Amino acid sequence: MMFSRDVPEDCRAGQDALLRAAWAEARAAFAEALAARESPEALEGLALAAWWLDLADVLFDARERAYRLYRDRGDGTGAARVAVWLAWDYWAFRGESAVANGWLQRARRLLEHGPPSAERAWLEVREGSLCLYEEYDPDRAHALAAEGVRVAREAGSTDMEMLGRAVQGLALVMSGAVAEGLRALDEVNAAVVAGEMRDFVAIALACCYMVAACEHVRDYDRAVQWCTRLKAFCARYGLRPLFAVCRTQYASICMWRGTWLEAEQELSAAADELDASRPAMTGEALVRLGELRRRQGRLVDAARLFDQADGHPLAILGRAELAMDRGDARGAAELAERYLRRLPPQNRTDRAPGLELLIRALAAGGDLEAARTALAELSAIATLMMTGPLRAMASRAAGWIALAAPRPDEARRHLEDAVDRFVQSGAPFEIAAARIGLARALALLGRNADAALEARRAIDLLVELKAEFQLAQARAWMETLSDGQANAAAASRPSGAAGLTPREIQVLRLVAEGLNNQTIGERLFVSDHTVHRHLANIFNKLSVSSRAAAVAQAARRGLLP
């Protein structure tokens with residue numbers, strides 16, 4: 001709901017500016033009207049202009065004053081409309097979920113005995129979307145959005161009907177009804193393109209829900225098509241705050257497809273914009289940037305970003321991945337279980353990556369019975385959703401269990417399927433991980449030449465991606481294979497500091513952050529030559545010949561924070 005439909009004469013100039021997306025002009029016009037007299041309509045208009053301009057203090061003050069004036073006038077509908085806005089504001093700007101819920105329930109009380117209205121539809125749809133982002137419950141979100149659609153149709157509000165259908169579509173995708181959900185979202189976004197929707201907020205949110213759905217199922221092509229339109233729409237009307245959230249989800253798809261430079265550009269820009277305008281939502285960008293850093297091998301940077309995004313579910317999953325990178329299977333399993341406990345069973349798309357990581361950690365730790373229980377749930381999700389990426393994840397997880405059993409021929413079949421499906425999905429980092437697993441299975445079968453071929457293919461992908469940590473691990477395993485010790489990398493775990501001094505460990509940790517010798521020297525107040533000498537000692541003690549290999553060894557020994 002953009003604004004009151006009954007606009008006084010002194011608010012007409014401001015309303016006209018809002019309809020043209022002239023946010024600064026609208027703010028000035030409403031401020032001029034308020035200088036003459038204070039009205040809830042002028043305050044509501046000022047708040048909307050301030051919302052687009054990221055002026056948090058102005059919008060909170062104006063909306064709360066507008067709410068009180070509508071209540072004083074006895075206009076429950078106007079007060080409820082503003083209350084729904086305040087719920088979203090408190091959640092997005094300040095991260096105050098309890099306060100947001102209070103405003104939603106206040107709006108519900110004000111509208112409970114009224115006729116069907118756009119305001120009532122606005123309430124149902126917004127509560128449904130918050131249910132997705134706060135409770136991660138697609139079933140309840142779908143029910144609320146369905147009620148919003150019903151009310152909107154009775155009230156004749158196309159914008160609210162389409163926005164409700166968009167929330168329904170995202171909820172369906174998250175629950176596993178992917179095809180049905182994406183059809184609904186395509187329909188809504190077609191209505192946007194056709195000009196059937198007029199409310200800028202409803203339009204931009206509908207597009208964002210489409211991108212979010214594409215992220216959940218790694219539908220890259222669909223995301224690109226709609227993101228191109230969304231970028232143009234946001235640029236035309238100055239809708240930066242909305243696109244900042246959407247681009248974090250788009251960046252995840254870029255990461256999946258291996259276009260890491262584009263992902264980094266999107267995430268860095270989104271993090272800056274959200275930090276300035278919606279600080280409570282910066283976690284969306286930080287956790288994804290943390291995952292990108294982890295894949296790049298910058299483990300210390302990744303850990304720092306996950307700490308900054310503390311409280312976001314994906315930060316827990318990121319820490320679990322870091323634990324696995326460092327050889328801590330038990331810690332990874334505990335974190336993966338913690339992540340899964342936060343999600344209801346019906347949220348299938350969000351549970352899938354947590355289940356896959358849990359299976360890998362449990363298999364590495366030898367708890368095959370628990371790993372098979374988790375695999376049963378992941379396989380059921382993959383069967384229900386029937387998407388290539390989910391089926392690939394399930395195949396790879398089954399391969400890890402078979403490797404740990406060990407049943408190498410069974411592992412070979414599962415991991416071959418995983419490679420094929422990840423190739424179809426265009427996910428180079430995932431392909432590399434599956435190929436390394438396949439190489440291990442082939443080596444256990446005594447097929448060393450085939451194992452070496454798969455490992456080299458994985459290494460080529462990791463070189464192209466510049467995934468330094470995984471690259472060092474893959475090369476280290478290739479060395480053991482060439483010596484006829486294909487199982488050594490998986491069966492043994494070097495321990496201790498290998499004679500490294502505290503200063504050498506400090507240097508090694510700075511290397512893991514991606515710093516060069518000059519920067520490390522500046523940090524430690526020593527010369528470049530001294531840093532070079534420390535690195536030479538580190539390489540000698542760890543029996544490695546490169547910085548990446550040293551970082552990989554340090555991670556396996558538990559020397560990185």
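A salt bridge here is a side-chain nitrogen of Lys or Arg within 4 Å of a carboxyl oxygen of Asp or Glu. One network of such bridges links Glu 291, Arg 294, Arg 295, Glu 321, Asp 325, Glu 356, Arg 360, Arg 396 and Glu 430.

The structure is a predicted model, in which local features need pLDDT of at least 70 and side-chain atom pairs count only at pLDDT 80 or more, while totals for chains, interfaces and linings use all residues. Residues are numbered from 1 along each chain as its sequence is written, and side-chain values use heavy atoms, with hydrogens and water left out.

**Salt bridges**

Under the rule above, the count is 46 salt bridges. In general, side chains of opposite charge can pair when their charged atoms come close. Three individual pairs are listed here.

| Pair | Closest N to O distance |
|---|---|
| Glu 135 and Arg 140 | 3.1 Å |
| Arg 304 and Glu 513 | 3.5 Å |
| Glu 416 and Arg 412 | 3.0 Å |

The Arg 304 and Glu 513 pair links distant parts of the chain, 209 residues apart: Arg 304 is in helix α16 (residues 299-308) and Glu 513 is in the loop between α27 (502-512) and α28 (517-524). Helices are DSSP runs of H or I with at least four residues, numbered from the N terminus. Glu 416 and Arg 412, by contrast, both lie in helix α22, 4 residues apart, which is about one turn of the helix.

How far these residues are covered is given by relative accessible area: buried means under 20%, exposed over 50%, and partly exposed in between, with a 1.4 Å probe and protein chains only. Glu 135 is partly exposed at 40%, and Arg 140 is partly exposed at 33%. In the pair that links distant parts, Arg 304 is partly exposed at 40%, whereas Glu 513 is buried at 12%. In helix α22, Glu 416 is partly exposed at 29%, whereas Arg 412 is buried at 15%.

**Aromatic rings**

Rings of Phe, Tyr and Trp (its six-membered ring) are paired if their centres lie within 6.5 Å; planes under 30 degrees apart count as stacked, over 60 as edge-to-face and the rest as tilted. The whole structure holds 12 aromatic pairs. In one of them, Trp 51 and Trp 52 are edge-to-face, with 4.7 Å from centre to centre and 80° between the planes. Both Trp 51 and Trp 52 are buried.

The pair of Phe 60 and Tyr 90 is edge-to-face because the ring planes stand at 65°, with the centres 4.8 Å apart. This pair also links distant parts of the chain: Phe 60 is in helix α4 (residues 56-73) and Tyr 90 is in helix α5 (residues 76-94), 30 residues apart. Phe 60 is buried at 4% relative accessible area, and Tyr 90 is buried at 9%.

Trp 51 and Trp 52 also belong to an aromatic cluster, together with Trp 23, Trp 85, Trp 122 and Phe 200.

A charge sits over a ring if NZ of Lys or CZ of Arg is within 6 Å of the ring centre and within 35 degrees of the ring normal. Arg 126 lies over the face of Trp 88, 3.6 Å from the ring centre. Arg 360, a member of the salt-bridge network, has its charged end over the ring of Trp 400, 5.1 Å from the centre.

**Backbone**

Most residues other than glycine have a negative phi, and most peptide bonds are trans. The peptide bond from Ala 405 to Pro 406 is cis, with omega near -10°. Pro 406 is in the loop between α21 (388-404) and α22 (408-425).

Ala 21 has a positive phi, near 60°, and lies in the loop between α1 (12-19) and α2 (23-36). Lys 466 has a positive phi of about 65° and lies in the loop between α24 (448-465) and α25 (468-482). Ala 21 is buried at 11% relative accessibility, whereas Lys 466 is exposed at 58%.

**Around Gln 296**

Gln 296 is in helix α15 (residues 283-296) and is buried, with a relative accessible area of 14%. Contact means heavy atoms within 4.5 Å. Leaving out residues up to four places away in sequence, Gln 296 touches Trp 260, Glu 264, Lys 466, Ala 467, Glu 468 and Phe 469.

Definitions and conventions: Helices (H or I, at least four residues) and strands (E, at least two) are DSSP runs, numbered from the N terminus.
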